[in-house]
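Trainee: I should like to learn how to read a protein model step by step. May we begin with a single residue and then widen the view?

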Amino acid sequence: MSTRESEAVRVERLLDAQAKAVQLFDEIERRALVRPGVGERDLSDEIQSLAEEMFGVTRHWHRRIVRAGPNTLLPFHANPPDRVLLDDDIAFLDLGPIFEAWEADFGRTFVLGDDPDKHAIRDALPRVWQAGRAFFAAQPEITGAQLYAHVVDLARAEGFEFGAPIAGHLVGEFPHKKISGDDAASYITPGSDHPMRRTDPTGRACHWILEVHLANPARGFGGFCEELLDL
């Protein structure tokens, strides 16, 4: 297989993994799994069972993140106490299922009830994400640090704070960290000063996830979304 053919296969499989993740989220919504009265951990277990039922998924490349209420303000590495979703709540899911050795990384926010501020943050998420993607597309030599700074500015223009120290990362075959490592260059973050459009140490094209974590500290909640940036 030529390098070009190999890269075409990688792209196809990354897009296929994301398409399956979208189907999983659609089914989560169809079954109304994000609901009042369920705990975050129980919901995480239900999602794991659903992923296995639908696609045979038994592994996730990162731990399943289910956050509700004030827990939605916390960054990825936090480990808050379990919380039960309320009638008028906000929650987000950040899932990294592995489909046939290919990583997906997908996140969405759900609002229960009619709170206008919660609806506002949920509705702002795709606008910030799309504007971040447009900025990436328009800057051939963009670095992770530059994209992070721009996404922070976009969040503030919408009236929110940016709630995370990163705005995305490399993605690929599981486990991608064997290729990418843990340094800033693997993330969309301050100090990531290499062009994002580059090859990894094995000579393959780098592919990226863009993630947006908005925060409304005054109201005590946030929202989150993520998906493939460059494909």
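Trainee: Is Pro36 buried, partly exposed or exposed?

Mentor: One reads this from the relative accessible area, where under 20% counts as buried and over 50% as exposed. The model before us is predicted. Pro36 has a relative accessible area of 39%, so Pro36 is partly exposed.

Trainee: Where does Pro36 lie, and which residues does Pro36 touch?

Mentor: Pro36 sits in the loop between helix 1 and helix 2. Setting aside residues up to four places away in sequence, Pro36 touches Leu85, Leu86, Asp87 and Leu112. With Asp87 one may set sequence beside space: the two residues are 51 residues apart in sequence, and their C-alpha atoms are 5.0 Å apart.

Trainee: Which residue that is not a glycine has a positive phi?

Mentor: Ala32 has a positive phi of about 50°. Ala32 also belongs to the loop between helix 1 and helix 2, the latter covering residues 40-55. The relative accessible area of Ala32 is 43%, which makes this residue partly exposed.

Trainee: What can be said of Leu15 and Ala8?

Mentor: Both are placed in helix 1: Leu15 and Ala8. Helix 1 covers residues 3-30. Leu15 is partly exposed at 36% relative accessible area, and Ala8 is partly exposed at 46%. Apart from neighbours within four places in sequence, Leu15 is in contact with Leu228 and Leu231. Separation in space is read from C-alpha to C-alpha: Leu15 and Leu214 are 25 Å apart, with their positions 199 residues apart in sequence. For Ala8 and Pro195 the corresponding values are 21 Å and 187 residues.

Trainee: Let us widen the view. How many helices and strands does the protein chain have, and in what order do the elements run?

Mentor: The protein chain has five helices and nine strands. From the N terminus on, the order is α-α-β-β-β-β-β-α-α-β-β-α-β-β. The radius of gyration is 17 Å, close to the 17 Å that the globule rule gives for 231 residues, so the chain is as compact as a globular protein of that length. Along its principal axes, the C-alpha trace spans about 55 × 40 × 25 Å.

Trainee: What percentage of the residues is buried, and what percentage of contacts joins residues at least 24 apart?

Mentor: Buried residues account for 51% of the 231 residues. Among contacts between residues at least 6 apart in sequence, 64% join residues at least 24 apart. As to the surface, the accessible area comes to about 10,700 Å², and 52% of this belongs to carbon and sulfur atoms.

Trainee: How many residues does the largest nonpolar core have, and which of them have the most contacts inside it?

Mentor: A core is read as a set of buried residues joined through their side chains. The largest nonpolar core has 30 residues, and those with the most contacts inside it are Leu147, Phe162, Ile188, Val212 and Leu214. Helix 3 (116-138), helix 4 (144-157), strand 8 (207-216) and strand 9 (221-228) each give two or more residues to this core. A second, separate core has 29 residues, including Ala17, Leu50, Ala104 and Leu228.

Trainee: Which residues does Leu147 touch?

Mentor: Not counting residues up to four places away in sequence, Leu147 touches Gly132, Phe135, Phe136, Ile142, Ile188, Met196, Leu210 and Leu229.

Terms used: Residues numbered from 1 in each chain as written. Predicted model: local features only at pLDDT ≥ 70, side-chain atom pairs only at ≥ 80, totals over all residues. Heavy atoms only, no water. Helix = DSSP H or I, 4+ residues; strand = E, 2+ residues; numbered from the N terminus. Rg over C-alpha atoms; globule rule 2.2 N^0.38 Å. Buried < 20%, exposed > 50% of the residue type's maximum accessible area, 1.4 Å probe, protein only. Contact = heavy atoms within 4.5 Å. Areas by Shrake-Rupley, 256 points an atom, 1.4 Å probe, with all protein chains shown as cover. Core = buried A, V, L, I, M, F, W, Y, C linked by side-chain atoms within 4.5 Å.
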